[in-house]
Amino acid sequence: MKLINNYLYLDYNATAPLVKPVQDWLCEGAVYFGNPASIHQVGKKSKSLINQTIKKIQDTFNATKYDVFFHSGATEAINSVVKGFCFNALKAKESFHVFCFDVDHSSMVNQKEHVELLGGTFHVLRTHEGDFDRQEVVDALNEFKGEKLINFTYVNNENGVVWDLDEVLKVKEETGACVHVDCVQVVGKIKNWNQINLGLDYYTFSGHKFGALKGVGFTLVSKEASWTPLIRGGGQQKAMRSGTENAFSVHTINLALDYNLSHSNIERAQGVKDEIENWLIKNFGQKITIIGAKAKMRNATTIFFSVHDKNINTVMMALDMAGICASSGSACASGIIKPSRIAKAYGLSDQAATNVIRFSLSPFSQEVESIISKLDPVLSKFLS
Ligand SMILES: Cc1ncc(COP(=O)(O)O)c(C=O)c1O
């Protein structure tokens with residue numbers, strides 16, 4: 001939540017600006033172009049950037065029992081994990097099932113077609129007010145024989161609801177399923193964001209959500225998980241993801257993790273979010289409903305609400321014209337706002353699920369007054 005080039009940027013869940021050390025490093029122009037697989041000094045420099053980043057990740061998440069592979073971002077990683085799981089089950093000639101939730105990101109929900117093409121069954125489980133019911137999930141999984149993979153989204157990108165990884169571990173223990181955790185919205189946005197549950201199989205992160213470059217992310221793979229990598233080729237990254245590594249971008253993950261470790265302040269971020277949310281409720285409570293308010297846990301940076309009886313396009317346009325960057329339901333390629341699948345999971349009609357706004361704030365700054373003073377004229381005009 002920061003004024004960037006005179007814009008009030010409230011869209012951190014879509015993407016975050018580069019953190020200062022990444023900006024500085026890019027400006028230095030120290031372009032490490034060597035192929036990390038090359039045996040000469042230039043190659044070795046790139047290789048050392050990758051090794052240092054792996055060490056930073058394993059230290060940050062206390063994750064030495066996990067291998068790390070880098071990729072182009074969470075969409076690729078989720079494709080890799082899901083299809084890698086299907087290939088593995090096919091090799092073992094086992095039947096297989098992939099489970100996800102109605103509030104998961106499209107990169108997970110849209111795996112259905114490929115899972116079915118490969119001969120598996122795809123299941124979308126229901127949530128209740130943003131949360132999952134552990135017994136219901138366990139029962140749904142135990143209804144089927146064969147290999148099972150399930151995705152949990154640790155912090156939801158639209159409503160900011162946080163799921164309990166200890167509960168997720170219980171699902172694994174009670175079903176034997178392989179578990180992937182989507183951690184794309186985690187870094188810097190919840191308390192103890194670097195404490196993962198070491199009993200789960202895969203964790204995926206994406207650099208551009210926490211101040212590293214776009215087009216780079218990483219996945220932790222438990223050394224005990226069996227998995228057939230999707231991307232085959234020269235065997236780079238222990239053959240988990242072939243292709244010449246993007247050492248330059250990978251290094252920005254190292255810098256951005258460091259920055260988040262030393263600069264994110266959840267108590268402060270939570271205070272800012274609460275103040276803004278309370279202000280919204282106090283001033284526009286009759287016209288809006290906060291989505292996710294009844295969930296057991298929510299993160300410190302996301303406010304997601306539906307707007308009653310208003311044309312959302314008008315409100316979004318007015319926010320944009322006032323220099324405020326926020327999100328609505330999913331905007332498709334043509335720019336037309338479609339109903340939010342996440343809002344629909346709360347039982348909202350298509351119309352109500354289209355009329356949603358998400359403010360996602362920075363984990364770093366604390367400019368409540370300036371945010372409210374920018375929001376107030378627009379929201380007062382359109383929501384009063
Ligand atoms: C929860 C979640 N999962 C996955 C993704 C996909 O990430 P990427 O942009 O790295 O492909 C996103 C991006 O918005 C996300 O918010």
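Start by selecting His-105 together with the ligand: a polar side-chain atom of His-105 sits 3.4 Å from a ligand oxygen atom. Keep in mind as you look around that this is a predicted model.

Next, add Asp-182 to your selection. One of its polar side-chain atoms lies 2.6 Å from a nitrogen atom of the ligand. Then click on His-208, where an N or O atom of the side chain is 2.9 Å from an oxygen atom of the ligand. Now switch on a surface for the ligand: taken alone it exposes 390 Å², and the protein buries 87% of that.

Time to bring in the rest of the shell. Select Gly-73, Ala-74 and Thr-75, then Ser-107, Asn-157, Val-184 and Gln-185, and finally Ser-206 and Lys-209; these residues are among those around the ligand, as are His-105, Asp-182 and His-208. Colour the shell by class and you will find eight polar, two charged and two nonpolar residues.

Now zoom out and show the whole protein as a cartoon. You will be looking at 13 helices and 13 strands. The radius of gyration is 21 Å, close to the 21 Å that the globule rule gives for 384 residues, so the protein is as compact as a globular protein of that length. Turn the C-alpha trace along its principal axes, and it spans about 60 × 55 × 40 Å.

Try colouring by burial next: buried residues make up 56% of the 384. If you draw contacts with a separation of 6 or more, 73% of them join residues 24 or more positions apart.

Last stop, the outer surface. The protein exposes about 16,500 Å², with carbon and sulfur atoms supplying 51% of it.

Note on methods:
Residues numbered from 1 in each chain as written. Predicted model: local features only at pLDDT ≥ 70, side-chain atom pairs only at ≥ 80, totals over all residues. Heavy atoms only, no water. Near = heavy atom within 4 Å. Polar contact = N/O pair within 3.5 Å; in protein donor to acceptor, adjacent residues only side chain to side chain. Areas by Shrake-Rupley, 256 points an atom, 1.4 Å probe, with all protein chains shown as cover. Nonpolar A, V, L, I, M, F, W, Y, C, P; charged D, E, K, R; others polar. Helix = DSSP H or I, 4+ residues; strand = E, 2+ residues; numbered from the N terminus. Rg over C-alpha atoms; globule rule 2.2 N^0.38 Å. Buried < 20%, exposed > 50% of the residue type's maximum accessible area, 1.4 Å probe, protein only. Contact = heavy atoms within 4.5 Å.
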